[in-house]
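Reader: I should like to learn how the terms used for a protein structure are justified. Could you take me through the reasoning, term by term?

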Amino acid sequence: MGFCFWGDFLKERGNKRMSGAQRQSRFERGEEVVVMKFGGTSVEDAAALKRLIGIVESRWGAHPVIVVSALAKVTDQLLEAGKAAATGHLGAALALVRNIYVRHEELADSLLGASAYGSLDRELRNEFQSLESLLLALETSRHFDLKAQDHLLSFGECFSSKLVSWVLSEAGLQAAHVDARQSIVTDARHGQATPVWDVTNQRLRDAVNPLLQSGSIPVMGGFIASSQNGVPTTLGRGGSDFSAAIVGAAIGALRIEIWTDVDGVMTTDPQLCSDARVIRKLSFDEAADMAYFGAKVLHPATVAPAMRENIPVYVLNSRRPEGHGTEITARASTGNRVSAITAKRNVVSVEIQSRNGVDAAFLNTVFGVLEQHTCAVDVMGTSVDRISLLVASSDALPRIVEDLQPLAEVRWENHKALICLVGENIRRQPEVASRVFATVADMDVRVLCQGASERTLSFLVDESKAEESVRRLHSAFFPKVEPALDWGGISSAFCQAG
Ligand code: ADP
Ligand code: ASP
Ligand code: MG
């Protein structure tokens, strides 16, 4: 399989496999290692797994470490099974997980020989037994909290990583499964855990480096981890990207590749706007802002570990591996212009009206109460007597209202969307803001935040207007490039931003 940019890279570094002490010291410095993360759609069926084999094979000279998500839709199905069991519908829950088992088993059957199939099937059966016991326990307790949810969801990546490990080995690529739950150690914030960096870095090096030295390809599940007491945790939905960055930073990888179902990071979500174009180069900062403000293609925490260790991140399409994708590095500068437009849905807008004005003590109390109810705050603005916040869920708000009652009146509105423009220095360009206003003037724009970042400008609309706002802004800031007549009509779909 030919990858033009990859070919150049291999030429530069000589494409030679080394051995012995020389090889060992280079592994220890991570110079040789490429972390490759495959999302759910990149492992969803036999065709996707065959493509994955080809892509991994193409990186053989550079010692890949593989991180995989659960097969597409599996995490949602596990969640549904957990909710069903905890509300007394055990039959429905078991039917869901048995379908998941059959899906994995059929893939194993179509891609593995008899002996490998037998070994994997034994492993999968054991795991599925534990999964069914967990569902039984949920049915009995009728209690499905974030801790139980993490335990349940961790099975998805556990199954997929075992499957991928066997599939690669069967293709002659000598893979070795690494249990992410033993290697990534986090705090106990279930549903959105944060790594305990020192322990994690050491455990990952201990697990991965010896395998690389022996010529194996380590394969691990993304998204999943354990707390320091060994209880399963997860890194938040979409967290496999973050896992790849954690692994890359721990072993000081040469590059981190995020293999997904689109051609790279695009000027907006291509599902919202068919004119979206690939951004060829992005800075770490811009990519982090895009992810934070809703570009699902990267988990928001992904960029920080890569940036800290200055490891370039590539976002690539596993269905079209020959594409260039997006390169995210420290040095990339896209200049003074809008790079992308993002939309974050399901946002709740909260107004906290202080009875005695806003001062440091008031802010302290408000944030203490928010923290106590694990209510993560997104964007904030203050005035003399009021704080405006955006939060991701209204679940905890009734309890927060009660706690703050003596000090403030709290109101909130659900079903909002935060639309954000990202680009170097756009805050210093007043013409960008005026153009945004002109484009959405008739749309009841609520808040305009030119907050802490020089690179973002965002506003709030009703969720029902999110798609239209993005489309209008995309046409305004990324006008279609008309095909040059004398070139016989090159499709604008081939134009790339950046
Ligand atoms: P994976 O399963 O590979 O992790 P995700 O579904 O999490 O994939 O992320 C890829 C999806 O992100 C794309 O299919 C696309 O719809 C969405 N997306 C949102 N914003 C962007 C963007 N700016 N660029 C590219 N994709 C985006
Ligand atoms: N499987 C997890 C999810 O669906 C993690 C991931 O895909 O990155 O959220
Ligand atoms: Mg994802």
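Author: Let us begin with helices and strands: these are DSSP runs, a helix being H or I over at least four residues and a strand E over at least two, and they are numbered from the N terminus. Ser69 then has its place in the loop between strand 2 and helix 4. Please note that the model is predicted.

Reader: How many helices and strands does the protein have?

Author: By that definition there are 16 helices and 17 strands.

Reader: Is Ser69 buried or exposed, and how do you know?

Author: Buried means under 20% relative accessible area. Ser69 has a relative accessible area of 10%, and therefore it is buried. Its contacts, leaving aside neighbours within four places in sequence, are Lys37, Phe38, Gly39, Gly40, Val43, Glu157, Ser160 and Ser240.

Reader: What makes Gln149 count as buried or exposed?

Author: The cut-off for buried is 20%. Gln149 has 19% relative accessibility, so it counts as buried. Gln149 belongs to helix 7 and touches Leu79 and Phe144, if residues up to four places away in sequence are not counted. Its C-alpha atom is separated by 9.1 Å from that of Thr234, although the two residues are 85 apart along the chain.

Reader: Why is Arg142 called partly exposed?

Author: Partly exposed covers what lies between under 20% and over 50%. The relative accessible area of Arg142 is 47%, and therefore the residue is partly exposed. Arg142 lies in the loop between helix 6 and helix 7, and its phi is near 55°, a positive value in a residue other than glycine.

Reader: Which value of phi does His63 have, and where does His63 lie?

Author: His63 has a positive phi of about 55° although it is not a glycine. Its place is the loop between helix 3 (46-58) and strand 2 (64-68). With a relative accessible area of 4%, His63 falls under the 20% limit and is therefore buried.

Reader: How much of the protein is made up of buried residues?

Author: Buried residues make up 52% of the 498 residues.

Reader: What makes a set of residues a nonpolar core?

Author: The members must be buried, must come from a list of residue types that includes Leu and Phe, and must be joined through side-chain atoms within 4.5 Å. The largest such core has 105 residues, and Phe38, Leu135 and Leu168 have the most contacts inside it. Helix 5 (residues 90-111) gives the most to this core, with 10 residues. Apart from it lies another core, of 22 residues, among them Cys273, Ala417, Leu457 and Phe478. In soluble globular proteins, nonpolar side chains tend to be buried together.

Reader: Which residues does Leu168 touch?

Author: Not counting residues up to four places away in sequence, Leu168 touches Leu52, Ile53, Val56, Ile66, Leu173, Gln174, Ala175 and Val219.

Reader: How do you know what span is expected of helix 4?

Author: The expected span is 1.5 Å times one less than the number of residues. Helix 4 (residues 74-86) has 13 residues, for which 18 Å is expected, and its reach from first C-alpha to last is close to this, at 18 Å. Its buried residues include Val74, Leu78, Leu79 and Gly82. Helix 5, helix 6 (114-141) and helix 7 (146-170) are among what covers the buried residues of helix 4. Just after helix 4, Gly88 takes a positive phi of about 90°.

Reader: What makes the pairing of Glu157 with ligand 2 a polar contact?

Author: A polar contact is a pair of N or O atoms within 3.5 Å. A nitrogen atom of ligand 2 is 2.6 Å from an N or O atom in the side chain of Glu157, so the pair meets that limit. An oxygen atom of ligand 2 is also 3.2 Å from an N or O atom in the side chain of Ser69, and an oxygen atom of ligand 2 is 2.8 Å from a polar backbone atom of Gly238. The protein covers 85% of the 260 Å² of accessible area that ligand 2 has on its own.

Reader: Which residues are closest to ligand 1?

Author: Of the 17 residues that surround ligand 1, the closest are Thr260, Asp261, Met266, Asp269 and Lys296. A polar side-chain atom of Gln271 lies 3.3 Å from an oxygen atom of ligand 1.

Key: Residues numbered from 1 in each chain as written. Chains lettered and ligands numbered in written order. Predicted model: local features only at pLDDT ≥ 70, side-chain atom pairs only at ≥ 80, totals over all residues. Heavy atoms only, no water. Buried < 20%, exposed > 50% of the residue type's maximum accessible area, 1.4 Å probe, protein only. Contact = heavy atoms within 4.5 Å. Polar contact = N/O pair within 3.5 Å; in protein donor to acceptor, adjacent residues only side chain to side chain. Areas by Shrake-Rupley, 256 points an atom, 1.4 Å probe, with all protein chains shown as cover. Near = heavy atom within 4 Å.
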